[in-house]
Amino acid sequence: MKTGLKITAFAAAVAATFGTAYGVGKGVDPLAAGAQKTAGHAEGGHAEEGRTERGRTEEAQDGHAGHGASDAAAAAIPGGLQISERGYTLDLRTRRITAAGERTELSFAITKDDTGRKVTAYRTEHGKQLHLIVASRDLTVYRHLHPARAADGTWKTPVELPKAGGYRVFADFAPQAEKEGLTLGADLSVAGKYAPRDLPAASRTADAGDGYEVRLGGDLGAGSASELTLSVAKNGNPVTDLQPYLGSYGHLVALRSGDLAYLHVHPNKGGPGPEVSFTATAPSNGTYRLFLDFKHNGAVRTAEFTVHAGQSAGDHSQGHGH
């Protein structure tokens, strides 16, 4: 997780097509091309038998850059689209949740190479060794979790997801042995009747609850760096005493609609409010969901925006927040 994290290339579209119901016995981890219309805050799969997700990714890379250039091709893929990268794999043990709204423990590990050895040495970044993001594929549900790690390398955290459907789990971490961090992604399904929702309309303001409102300034640039400013107010008055959360005054996550390409940036120098600024580069034109986490009066809140990279974010009157 870095200030002004830049994603520089397109990835193959990753999409899921869902029916009207999710059965307990059916998991979701698609790698098919296509597009789909595509979030809350809390604390807290296995690769396929005989043919790992990593192997399938390398095959896709071979078609573009040749087998000998697979490492370079992997480095150009936006975060969160791969379950394996640079020899690391997200081994999500909890692949299915049996009921929406039910508190469930997510269990996973980060493994290294083909041995399945669990990684136990991480660098601490922004107060945590690993940040876990869970978002619904229609980008209307979002959770930023901080799991606990056991001595053997297994991570666990409770989560409560409010509706059935498909979700993407993102593990954002930096192994002690690596100079650069990485973000891996895996699919999670919640059983039950599923009715996908359209993305909320593009908006310059988001209601974060209890009188808090966040206003977005600037536009998300595609292929070039741009500055976004987010101004926090409560009951119409600017908030000038934001509290540090995980070492900063705000955390911003962006997810691209359609394939959920992941962009996690942190604020530029400044604070403690009312404005928090970020420098970010979207990997392409398109629609994105922005999720801003901020802390005030001892509580962490999330403001949510829909924006269009490469054009104005719009000037509607209301967004969403939690």
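**Close-ups of a predicted model**

**View 1. Ser107, a buried residue.** Ser107 has a relative accessible area of 12%, so it counts as buried, the cut-off being under 20%. Keep in mind that this is a predicted model, not an experimental one. Ser107 sits in strand β5, which covers residues 104–112.

**View 2. Who is around Ser107?** Let's leave out residues up to four places away in sequence and see what Ser107 touches. One group of contacts is Asp91, Leu92, Arg93 and Thr94. Ser107 also touches Thr154, Trp155 and Lys156. Now look for Ala148: this residue is 41 places from Ser107 in sequence, while the two C-alpha atoms are 9.9 Å apart in space.

**View 3. An open sheet of 5 strands.** Follow the strands across and you get the order β4-β12-β11-β7-β8, with mixed pairing. Which strands are at the edges? They are β4 (96–97) and β8 (142–145), and each of these pairs on one side only. As a general reminder, strands of a sheet pair through backbone hydrogen bonds, either parallel or antiparallel.

**View 4. Where β7 meets β8.** Strand β7 takes in residues 130–136, and 4 bridges join it to β8. How do these two strands run, parallel or antiparallel? They run antiparallel. To pick out one bridge pair, find Ala135 and then its partner in β8, Tyr142.

**View 5. Stepping back to the whole protein.** The protein has 2 helices and 23 strands. There are 322 residues, and 52% of them count as buried. About 13500 Å² of the protein is exposed, with carbon and sulfur atoms supplying 49% of that area.

Terms used
Residues numbered from 1 in each chain as written. Predicted model: local features only at pLDDT ≥ 70, side-chain atom pairs only at ≥ 80, totals over all residues. Heavy atoms only, no water. Pairing = 2+ DSSP bridges. Helix = DSSP H or I, 4+ residues; strand = E, 2+ residues; numbered from the N terminus. Buried < 20%, exposed > 50% of the residue type's maximum accessible area, 1.4 Å probe, protein only. Areas by Shrake-Rupley, 256 points an atom, 1.4 Å probe, with all protein chains shown as cover. Contact = heavy atoms within 4.5 Å.
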